[in-house]
Amino acid sequence: MKTVLIIDDDADCRRVFGAVLNQSGWQVYHAGNGDEGIELARQHRPSVVLCDLLMPRVNGFKVCRELRADASLRQMGIVVTSGRNFEADRRAAIDAGADDYLPKPVEPAALVAALARFDVNDIPPAPEKPAEMPTRISGLPRLKFWGVRGSTPAPGAGTVVYGGNTSCIEIRAKGELIVLDAGTGLRLLGRQLAEEFKDQPLHVTLLLTHTHWDHIQGLPFFQPAYQPQNRVRILGFEGARHGLSSVLSSQMENPFFPITLRQLPANLQIEELKEMKFSIGRVRVEACFANHPGICVGYRLFTGEASIAYFPDNEPHYVAEGIDPKAAAEYAQSQERRIIAFLRGVDILIMDAQYDREEYQRHKGWGHACLDDVVALALKAEVKKLFLFHHDPDHEDGKISEMAEYARKLVKAQNGKLQVDAAREGLVVELAGVAQAVR
Ligand SMILES: [Zn+2]
Ligand SMILES: [Zn+2]
């Protein structure tokens with residue numbers, strides 16, 4: 001059965017288009033606004049959507065982008081109609097994902113002709129389970145750092161020891177392949193996975209803390225996403241202003257990138273997390289909001305061998321200026337208690353330690369940490385091993401080594417047992433023997 005969904009806030013238009021198409025054998029669904037249209041498109045999965053451009057709230061461009069962000073709807077046609085006949089609108093609609101653009105009024109014969117090429121069966125439902133079984137992830141449970149830098153990549157002679165790529169960590173545990181953040185380090189991980197698994201189907205879960213550039217820019221260069229046998233699941237919380245899939249697809253829109261997210265051949269699933277506790281296979285995960293601009297979280301993963309907490313961007317107990325100092329201090333302390341409870345006893349803590357004490361004075365309220373505060377936090381939470389992370393792009397190798405050494409001195413001064421290292425690209429940590437970090 002060929003089906004069409006007409007999205008138009010003009011009831012007359014819907015009626016006229018509906019009657020014409022009905023006569024040509026189309027089954028017709030109607031929606032009076034963009035929101036409802038997106039919902040019905042997901043529910044009925046029609047062969048084609050006929051969508052008006054100028055609608056209040058959710059306009060036709062937005063409808064196109066939302067539907068195109070759903071990889072499982074990639075075969076669905078989208079035809080935009082508009083009372084305006086500007087070339088710029090036509091181009092923008094095509095850029096947003098439309099297949100065609102019809103200026104109103106549309107002649108009945110022209111409408112039928114324009115939709116004829118979408119005369120296919122409904123879009124099949126998204127597969128619950130992929131046909132192919134994923135390749136087993138075997139070997140000792142471990143984590144590997146692929147990108148440790150904050151804010152922006154920092155390649156160059158001064159950063160060869162710790163590396164210049166932005167946030168990306170691979171975890172292999174309990175048969176799962178989990179990637180924490182998709183910074184530029186993800187490109188190197190993708191290359192390694194493609195080499196290691198070749199044509200075998202791979203299931204990868206990307207767990208995102210937030211969508212700042214340094215945590216998502218590797219995604220367009222992730223080789224497994226270009227291999228149709230793979231499934232790439234992307235999990236994260238909704239952004240401050242836009243949904244996760246719309247943020248991730250917008251960084252790949254023209255003119256930023258030549259291939260759109262929906263054109264990636266792998267089976268890509270983007271899922272917005274709603275719960276703070278969930279599981280990836282047999283790995284239990286908990287999330288905790290971080291003190292960082294926008295919606296940003298940290299995660300704690302329970303792998304069996306070792307628990308891992310990951311807070312790449314966080315400013316511990318920051319006391320905001322301009323409000324009652326006593327209330328601000330009390331609030332900061334309550335936030336600190338919350339995060340200590342979350343981290344309590346974790347084996348491995350990977351945490352934002354971007355600034356030294358002196359630099360931090362100039363960066364208060366930026367959402368990144370002072371090293372001294374991070375060490376104090378890790379000691380209070382009885383963490384076993386701390387990896388300083390999200391290195392400042394201006395910090396060269398010598399500076400990062402100094403910061404790690406300084407952190408160890410802080411621990412010693414308090415007779416603490418906490419081990420401290422600076423995270424570096426390529427470092428592998430066997431989870432069964434957390435104390436023995438080896439390259
Ligand atoms: Zn960051
Ligand atoms: Zn950030």
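## Terms and basis

Four donors around a metal count as tetrahedral if all angles lie between 85 and 135 degrees; four count as square planar, and six as octahedral, if opposite donors are over 155 degrees apart and all others between 65 and 115, and anything else is irregular. Donors are N, O and S atoms within 2.8 Å of the metal (3.2 Å for Na, K and Ca), and water is not among the atoms, so sites may look incomplete.

The model is predicted, with local features needing pLDDT of at least 70 and side-chain atom pairs counting only at pLDDT 80 or more, while totals for chains, interfaces and linings use all residues. Residues are numbered from 1 along each chain as its sequence is written, chains are lettered from A and ligands numbered from 1 in the order in which they are written, and side-chain values use heavy atoms, with hydrogens and water left out.

## The two zinc sites

The zinc ion (ligand 1) is coordinated at 2.1 to 2.2 Å by Asp-214 (OD), His-215 (NE2), Asp-313 (OD) and His-390 (NE2), and these donor residues follow the spacing D-H-x97-D-x76-H in sequence. The angles among its 4 donor atoms run from 89 to 166°, and the site is irregular. Asp-214 and His-215 are both buried, a term that stands for under 20% relative accessible area, as against exposed for over 50% and partly exposed in between (1.4 Å probe, protein chains only).

The zinc ion (ligand 2) has as its donors His-210 (NE2), His-212 (ND1), His-292 (NE2) and Asp-313 (OD), at 2.1 to 2.6 Å. Its arrangement is irregular because the 4 donor atoms subtend angles of 88 to 170°. Asp-313 bridges this zinc ion (ligand 2) and the zinc ion (ligand 1), which lie 3.4 Å apart. Of the donors to the zinc ion (ligand 2), His-212 counts as partly exposed at 32% relative accessibility, whereas His-292 is buried, with a relative accessible area of 9%.

## Helix 5

Helices (H or I, at least four residues) and strands (E, at least two) are DSSP runs, numbered from the N terminus. In helix 5 (residues 108-116) the buried residues are Leu-111, Ala-114 and Leu-115. They lie on the same side of helix 5 because they cover an arc of only 90° around the axis, the arc being that of the directions from the helix axis to the C-beta atoms.

The buried residues of helix 5 pack against strand 1 (3-7), helix 1 (11-23), strand 3 (48-52), strand 4 (77-82) and strand 5 (100-103), where contact means heavy atoms within 4.5 Å. The face of helix 5 turned away from this buried side carries the exposed residues Ala-109 and Ala-113.
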